[in-house]
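The following exercises concern one chain of a complex and its contact with a partner chain. Each task is followed by a solution in steps.

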Amino acid sequence: MNESNHSHMSDVEARVRALESLLSEKGYIDPAAIDALIDTYETKIGPRNGARLVAKAWTDSVFASWLREDTTAAVASLNFQGNQGAHFSLAENTPDQHNMVVCTLCSCYPWSLLGLPPVWYKSAPYRARVINDPRSVLADFGVTLPDSARIRVWDSTAEVRHLVLPMRPDGTEGWSEDELATLVTRDSMIGTGLAMTPEAVQR
Amino acid sequence: MNGVHDMGGMMAFGPVEPEPDEPTFHADWEGRVFGLNIAASATGAWNLDMGRSARESLPPAQYLASSYYENWLSGLERLVVKFSLVTEAELASGSSRGPARPQRNVLVADAVPKVSLGSGSMTSRPIATPARFNVGDEVITRNMHPKGHTRLPVYTRGKRGVVERVHGAHVFADAHAAGLGEAPQWLYTVRFSGTELWGEDSDPRLSTSIEAWESYLDVG
C-alpha cells in the first residue's frame, strides 16, 4: 500500500469511528451488536450452507423436486433463511444450459446461503460485463464451457435471491452428502465456477 | 434514476479479479461499516430501499472511485442526517449536541442471531387484484426514466420478453424508497433474449432475466 492510499484509509477509519461513536452516544446503536454482526458473517454464515443444500439436492430426489417447485420452502426447511435471504429461486445447470447470477444495480446476493458477497461480485467489471459477455467473464475465472451450451444470466433486481444448482460431477456415485458438499464451491453456486471433480479434491 | 450504479452493459472496466481465500472484510473498518449499516437501519428510521437509494444518489465520480464499503459509509452518513438521527454539525464533530430522537428499535447483540439467521425479511404481501400476466405471456418493459429509485435497469427498458415465473405480490421498491409506503405489486421473472437486449451482434446462446414489478410491464 502506498503513502497516499495509507492516508486515505486513515481518513475513512476516522469517519467510521466518529460515526459509530456518535450513533452510540445518541443511543441509536449498540456497539456490541456490531461486534456480533461481524462475528456472525465472519464465522457463522458462509458458503457451507449453500453447499449442504446442493449436496442434499444431489442425493435426495424428493428434496430436489421440492427445491425446484418451491425453492423458498425447501430452503426454509433447512433453516437457511436470514437477512438477505427470505425469497429464493433455483437456477439449475444442465449439460445444455449454464446459469450465472449478478446484481447489476449493486450487490444483491443470498447472504444466508453463501455469506457476504466477494469483492469481485460487487465490482464494476463483473456487474457491467457478465450481463452481455458472460463467456469472457468465465474466462477470467478460468472456466470454459462447451460451445453448444446456452448461458442464462439472472439479474437480481428484487428480493428474490437466486442460487445456481451446479451439475453433480461424474465419478461421485455412492458419495455421502457430507463428501459431496466438499465439492461445492461458492463460485459454482454463483455460476462463475463448476463443482469440483473428485480428482481435484482429496477425498 | 439513471445513475452510474446501473452498470449492466457498460464497458472498459477491465478484467474481473477473483481473490483466492478472500476474507469477509479486508480491514476492521469495513466490518464496522457493515455492522453500522445493519444496526442503524434496524432503528426503523429508513427502509432497505431508501438505503439503496442513498448509495445510488452519491455523486457519480465518487461512487465509481470509491470501494464498496466506502460507498456504504458515505450512504449512511447521508441517511443519518436526512432522517434526522443526527445534525450535520453533530456528524462533522462526531459528538452529540442535543437529545436523541425516539426510534422504534435498537438492535442489541442478543437479537443479532435472529436478524441474521431468522426467517428473513419477507417482502411478499397480500394483494386484492389478480395478476395481469401469466407464465408464458409476452410483455414489453416500459421505456421510463424516473428521477427516483427504480429497479428496472436501463439495459432492459423498452425490451420484449417473456414472463417465466410469477412470485406473488411484493413491496414495490420504487414507491417504498420514495416514502410512499409498501404499495405491493405482482412481481415476475421476465426473460429476454441476448439479441433483444444487445442487438444482432449478441451471442445467440445468451438469455437474461430480471425480476420486474407489474407496473414496469405492458402487454408485448
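**Exercise 1: The fold of chain B**

Read from the N terminus, the elements of chain B follow the order α-α-α-α-α-α-β-β-β-α-β-α-β-β.

Task. State how many helices and strands chain B has, and give the dimensions of the box that its C-alpha atoms fill.

Solution.
1. Chain B contains 8 helices and 6 strands.
2. Taken along the principal axes, the box filled by the C-alpha atoms of chain B is roughly 60 × 45 × 35 Å.

**Exercise 2: Confidence**

Task. The model is predicted; report the mean pLDDT of chain B and the ipTM and pTM scores of the model.

Solution.
1. For chain B the mean pLDDT is 96, and 100% of its residues reach 70 or more.
2. The scores of the model are ipTM 0.97 and pTM 0.96.

**Exercise 3: Extent of the interface**

Task. Determine how many residues of each chain are in contact, what area is buried between chain B and chain A, and which three residues of chain B supply more of the area it buries than any other three.

Solution.
1. Contact joins 90 residues of chain B to 79 residues of chain A.
2. About 7300 Å² is buried between the two chains, and carbon and sulfur atoms give 61% of this area.
3. Val16(B), Arg32(B) and Arg205(B) together supply 11% of the area that chain B buries against chain A, more than any other three residues.

**Exercise 4: Polar interactions and composition**

Task. Count the salt bridges between chain B and chain A and the residue pairs in polar contact, then identify which element gives the largest share of the side of chain B that touches chain A.

Solution.
1. There are 7 salt bridges between chain B and chain A.
2. In one salt bridge, the side chain of Arg32(B) meets that of Asp35(A) at 2.6 Å, N to O.
3. Across the interface, 40 residue pairs are in polar contact, with both residues at pLDDT 80 or more.
4. Elements of chain B that each supply at least two residues to the side touching chain A include α1 (28-41), α4 (68-82) and β5 (206-213).
5. The largest share of that side, 10 residues, comes from α1(B).
6. The residues of that side comprise 43 nonpolar, 30 polar and 17 charged.

**Exercise 5: Strand pairing across the chains**

Task. Establish in which sense, parallel or antiparallel, β3 of chain A pairs with β5(B), and which residue stands opposite Ser209(B).

Solution.
1. Strand β3 (residues 150-155) of chain A pairs with β5(B) in the parallel sense, over 5 bridges.
2. Opposite Ser209(B), in β5(B), stands Trp154(A).

How values were computed
Residues numbered from 1 in each chain as written. Chains lettered and ligands numbered in written order. Heavy atoms only, no water. pLDDT = per-residue confidence, 0-100. Contact = heavy atoms within 4.5 Å. Buried area = accessible area lost by both parts, 1.4 Å probe. Salt bridge = Lys/Arg side-chain N within 4 Å of Asp/Glu carboxyl O. Polar contact = N/O pair within 3.5 Å; in protein donor to acceptor, adjacent residues only side chain to side chain. Helix = DSSP H or I, 4+ residues; strand = E, 2+ residues; numbered from the N terminus. Nonpolar A, V, L, I, M, F, W, Y, C, P; charged D, E, K, R; others polar. Pairing = 2+ DSSP bridges.
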